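This report describes one protein chain for a reader who is new to structural work. Please keep the sequence and the three-dimensional view at hand while reading.

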Amino acid sequence: MRDRLNNCRYNNCMHINEPGCAVKQAVIDKEIHEDRYVSYVNILESMEAKSY
Ligand SMILES: [Zn+2]
């Protein structure tokens, strides 16, 4: 997963809605388990909620 995060073309990518995101593509290609991606997104959203 960490390798995939580094593969992403965006420095500050959230890996949620960005077109061309390597992480999203890895999920589509089944290289990243969807459950892991979903929990990653959930963590991200809870972090965002704190910062606002
Ligand atoms: Zn990304």
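## Burial and surface

A residue is called buried if its relative accessible area is under 20%, exposed if it is over 50%, and partly exposed in between, with a 1.4 Å probe and protein chains only. By this measure, buried residues account for 27% of the 52 residues in the chain. The accessible surface of the chain, taken from the Shrake-Rupley method with a 1.4 Å probe and, for residues, with only the protein chains shown as cover, amounts to about 4200 Å². Carbon and sulfur atoms hold 48% of that surface.

## Basis and confidence of the model

The model is predicted, and local features need pLDDT of at least 70, side-chain atom pairs count only at pLDDT 80 or more, while totals for chains, interfaces and linings use all residues. Residues are numbered from 1 along each chain as its sequence is written, and side-chain values use heavy atoms, with hydrogens and water left out.

The predictor's confidence in each residue is given as pLDDT, on a scale from 0 to 100. Its mean over the chain is 85, and 85% of the residues reach 70 or more. Among the elements, helix H2 (residues 22-28) has the highest mean, 93, and helix H1 (residues 2-7) the lowest, 62. Where pLDDT is low, the predicted coordinates should not be read in detail.

## Overall fold

Helices (H or I, at least four residues) and strands (E, at least two) are DSSP runs, numbered from the N terminus. The chain contains 3 helices and 0 strands, and the order of its elements from the N terminus is α-α-α.

A contact means heavy atoms within 4.5 Å. Of the contacts between residues at least 6 apart in sequence, 29% join residues at least 24 apart.

## The zinc site

Which residues supply the protein donors of the zinc ion? They are Cys8 (SG), Cys13 (SG), His15 (ND1) and Cys21 (SG), at 1.9 to 2.4 Å from the ion. Donors are N, O and S atoms within 2.8 Å of the metal (3.2 Å for Na, K and Ca); water is not among the atoms, so sites may look incomplete. Along the sequence, the donor residues follow the spacing C-x4-C-x1-H-x5-C.

Four donors count as tetrahedral if all angles lie between 85 and 135 degrees. The 4 donor atoms of the zinc ion make angles of 102 to 120 degrees, and the site is tetrahedral. For four tetrahedral donors the ideal angle is 109.5 degrees. Two of the donor residues, Cys8 and His15, are buried.

## Two loop residues with positive phi

His15 lies in the loop between H1 and H2, and its phi is near 60 degrees, a positive value in a residue other than glycine. Lys30, in the loop between H2 and H3, also is not a glycine and has a positive phi of about 65 degrees. His15 is buried, with a relative accessible area of 5%, whereas Lys30 is exposed, at 70%.

## The aromatic pair

Rings of Phe, Tyr and Trp (its six-membered ring) pair if their centres lie within 6.5 Å; planes under 30 degrees apart count as stacked, over 60 as edge-to-face and the rest as tilted. The whole structure holds 1 aromatic pair. The ring centres of Tyr37 and Tyr40 are 6.4 Å apart and the planes meet at 35 degrees, so this pair is tilted.

Both residues belong to helix H3 (residues 34-51), 3 residues apart, about one turn of the helix, and both are buried. Ala26 of helix H2 is likewise buried, with a relative accessible area of 1%. The C-alpha atoms of Ala26 and Tyr37 are 9.6 Å apart, with their positions 11 residues apart along the chain.

Key:
Tetrahedral: all angles 85-135°; square planar, octahedral: opposite > 155°, others 65-115°.
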